[in-house]
Amino acid sequence: MSKLLLFHTAHSTPKIHQRSFTTILSRPLSIPSHSKCRSPVSLFPSISSSTLHPHLQRQSFSFSYSFSTPAFDDSSSSTEAQKEKEEKVGSRSGEKSETEEYPSGEVEYEKMSGWKSFVVKFKMLIAFPWERVRKGSVLTMKLRGQISDQLKSRFSSGLSLPQICENFVKAAYDPRISGVYLHIEPLNCGWGKVEEIRRHILNFKKSGKFIIAYIPACGEKEFYLACACEEIYAPSSAYFSLYGLTVQASFLGGVFEKIGIEPQVQRIGKYKSAGDQLTRKTMSEENCEMLTKLLDNIYGNWLDVVSSSKGKKREDVENFINEGVYKVEKLKEEGFITNIHYDDEVISKLKERLGVQKDKKLHMVDYRKYSKVRKWTLGLAGGRDQIAVIRASGSISRVQSPLSTPSSGIIAEQIIEKIRSVRESKRYKAAIIRIDSPGGDALASDLMWREIRLLAASKPVIASMSDVAASGGYYMAMAAQTIVAENLTLTGSIGVVTGKFNLGNLYEKIGFNKEVISRGRYAELFAAEQRPLSLDEAELFAKSAQNAYKQFRDKAALSRSMPVEMMEEVAQGRVWAGKDAASRGLIDAIGGLSRAIAIAKHKTNIPQDRQVTLVELSRPSPTLPEILSGIGSSIVGVDRTLKELVQDLTFSDGVQARMDGIVFQRLEGFSNATPLFSLIKDYLSSL
């Protein structure tokens with residue numbers, strides 16, 4: 001019950017930089033600002049994109065991927081010193097060289113031929129009834145709350161990143177869709193997913209169709225997406241919180257001290273801050289350094305993109321943010337939004353734009369209905385060459401517990417089964433491992449690393465990182481031949497923390513007693529939580545942690561073709577943003593799933609303009625709880641915190657490769673938090 005063994009963990013598109021974090025606690029952590037780390041800074045960055053001119057062209061298009069750009073996409077703000085460091089990394093990391101070129105994966109639309117356009121129209125005539133969409137319709141999508149990197153079944157609630165992106169692609173080709181109307185509200189996801197969505201917005205605009213954003217409640221992340229749209233509208237009463245960014249770090253050392261719990265923690269790596277949350281009352285200098293660097297990267301990126309897309313100077317945007325603007329009228333005056341309108345007024349403008357009479361209803365199709373339209377109907381079914389896609393999202397476990405659902409995290413034995421099926425099959429030309437995980441069980445991570453290495457020996461394997469691929473998540477990714485991450489993907493976190501709780505003082509306070517009879521020198525290592533570790537036990541803990549760290553670091557060096565000494569410089573439990581990870585040889589290219597696909601084509605000698613079929617091996621099957629929750633969420637279940645606590649007490653019997661408690665976003669409902677602290681958090685918040 002008192003065990004806690006953790007491995008530390010650490011998530012664009014070209015020219016867009018982004019980053020985000022997670023923690024062992026499922027709540028935002030507070031961290032000092034910039035250099036001295038004394039006062040909190042504000043976090044929740046947003047990013048803008050350029051205002052585009054509306055075009056209403058009802059044409060059919062096809063696309064191809066252009067081949068260009070080096071593995072590391074340097075931004076214009078890169079310094080000479082950083083370039084020299086990248087060259088040094090490339091020269092010392094063998095095949096992981098900066099000079100190696102990969103296709104960019106950038107989408108280029110071309111008008112469909114008359115025959116193909118005729119075939120698409122014929123397919124629409126024979127499509128299923130639920131695929132029928134009226135000509136001149138507007139696709140509406142409400143982006144808010146959590147966004148999963150997994151595909152969702154029809155009974156699952158919430159948004160799915162793959163389905164959002166697919167809807168943009170389909171809408172660009174669909175002659176029945178005139179444009180897109182986005183409702184953007186507070187998002188609970190990382191910057192990797194935000195960047196992927198933004199990339200698809202920009203790609204959609206290449207079709208010549210309009211895309212308009214409506215933002216009733218907006219922070220930096222939401223504004224980042226909205227600025228990629230052609231026009232931005234907001235009601236006069238809209239909530240805008242463009243005040244800057246903060247990082248927060250919480251510490252339980254004082255709480256444990258008062259209630260009689262003594263965390264006994266052994267950490268390996270000076271940036272290994274997961275244990276700090278349990279033992280310290282303030283932030284360490286190393287943790288402050290790491291978080292400040294990440295925060296500066298995010299904030300700098302936000303300012304660069306917003307200023308570029310709005311045609312303003314960076315310092316002007318920063319001054320505007322520092323004024324603390326909250327009036328929507330001021331945002332309109334300064335050109336940050338197009339106009340002030342309510343939803344019905346925006347719809348009236350869309351009617352006028354599409355030539356619909358005022359007394360007629362505007363035909364609209366929502367996200368859920370349009371997700372049922374098959375790509376085949378629009379002539380986007382793909383080619384004969386197949387690429388397998390294996391999605392791995394959430395905390396890592398070795399086996400599935402009786403209390404978990406099929407969608408609750410990464411179950412190693414299930415992922416391994418999928419990896420082996422791809423390796424043994426001749427139908428797949430390559431494989432893409434899509435990772436969105438802060439880590440988890442170290443053994444499970446290592447077993448998957450081995451299977452991915454075996455797969456990579458038989459066919460090209462590309463790792464594509466989403467919001468975060470840190471610690472155990474990075475452990476998986478580093479087995480691939482090529483790693484692709486967003487500029488703000490949280491990655492690395494190659495470090496280890498191990499320890500247990502001494503509950504002796506707590507037991508004494510509440511009058512509880514526990515006695516243990518044992519045989520064997522270390523038999524009571526985990527059984528005796530009522531006393532501190534003995535000297536022999538503490539020494540064993542330290543050696544165990546050091547051994548786990550050495551294995552992780554050495555395998556990372558092997559996987560990345562890097563000397564161990566060089567890997568040690570970038571390990572030590574440090575979390576890196578994707579762009580910084582690229583310059584240090586931890587990843588190969590900056591981009592999203594589209595670039596990973598383009599690289600997979602490149603590795604298998606498939607022409608970039610040839611379509612391929614992506615075979616999703618992680619397609620969901622609806623479960624009874626999901627069906628019931630779709631009918632009414634109150635029907636199902638045990639309290640989530642208690643369920644996770646029982647899982648933790650029953651199955652956490654090994655070292656964890658998990659990222660620590662760092663947050664650059666709200667993490668309410670995030671499943672990767674340690675249940676014990678969720679329980680403490682819930683109790684304290686109820687006082």
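This report walks through a predicted model, from its overall make-up to a few strands, loops and surface spots.

## The whole protein

Start with the big picture. The protein has 687 residues, and 58% of them count as buried. Its secondary structure comes to 23 helices and 28 strands.

As for the outside, about 28,900 Å² is exposed. Carbon and sulfur atoms supply 51% of that area.

## A run of parallel strands

Now for some strands that pair up. Strand E16 covers residues 386–393 and pairs with E19 in the parallel sense, over eight bridges. One place to look is Arg391, whose bridge partner in E19 is Arg434.

E19 itself spans residues 428–437 and also pairs with E21, again in the parallel sense, this time over six bridges. Two residue pairs help to line things up on screen: Ile435 has Met465 of E21 as its bridge partner, and Ser437 has Ala469 of E21. From E21 you can step on to strand E22 (residues 482–485), a parallel pairing with three bridges. There, Ala463 stands opposite Ile483 of E22. So if you follow the pairings, E16 goes with E19, E19 goes with E21, and E21 goes with E22.

## How covered are those strands?

How many of the ten residues of E19 are buried? Nine of them are, so E19 is largely enclosed by the rest of the structure. E21, which runs over residues 461–470, is mostly covered too: ten of its ten residues are buried.

One general point is handy when you look at side chains here. In a regular strand they alternate between the two faces of the sheet.

## Two loop residues with positive phi

Next, a couple of backbone oddities to check in your own viewer. Ser561 isn't a glycine, yet it has a positive phi of about 50 degrees. You'll find Ser561 in the loop between helix H17 (535–559) and helix H18 (564–570).

On the other side of H18, Gln572 sits in the loop that leads to strand E25 (575–577). Gln572 isn't a glycine either, and its phi is positive at about 55 degrees.

Are these two buried or partly exposed? Ser561 counts as partly exposed because its relative accessibility is 27%. Gln572 has a relative accessible area of 19%, which makes it buried, since the cut-off for buried is under 20%.

## A positive patch on the surface

Which residues gather in a patch of positive charge on the surface? They are Arg154, Arg368, Lys369 and Lys372.

Take Lys369 as a way in. Lys369 belongs to helix H12, which covers residues 367–370. With a relative accessibility of 40%, Lys369 counts as partly exposed.

## Ile597 in helix H20

Last stop: helix H20, residues 593–603, which holds Ile597. Ile597 is buried, as its relative accessible area is 7%.

How far apart are Ile597 and Gln608 in space, C-alpha to C-alpha? The distance is 9.5 Å, with their positions eleven residues apart in sequence numbering terms, that is, they are eleven residues apart.

Notes. Residues numbered from 1 in each chain as written. Predicted model: local features only at pLDDT ≥ 70, side-chain atom pairs only at ≥ 80, totals over all residues. Heavy atoms only, no water. Helix = DSSP H or I, 4+ residues; strand = E, 2+ residues; numbered from the N terminus. Buried < 20%, exposed > 50% of the residue type's maximum accessible area, 1.4 Å probe, protein only. Patch = residues over 30% accessible without salt bridge, like charges linked within 9 Å, V, L, I, M, F, W, Y side chains within 5 Å. Areas by Shrake-Rupley, 256 points an atom, 1.4 Å probe, with all protein chains shown as cover. Salt bridge = Lys/Arg side-chain N within 4 Å of Asp/Glu carboxyl O. Lys, Arg positive; Asp, Glu negative; His and termini not counted. Charge placed at Lys NZ, Arg CZ, Asp CG, Glu CD. Pairing = 2+ DSSP bridges.
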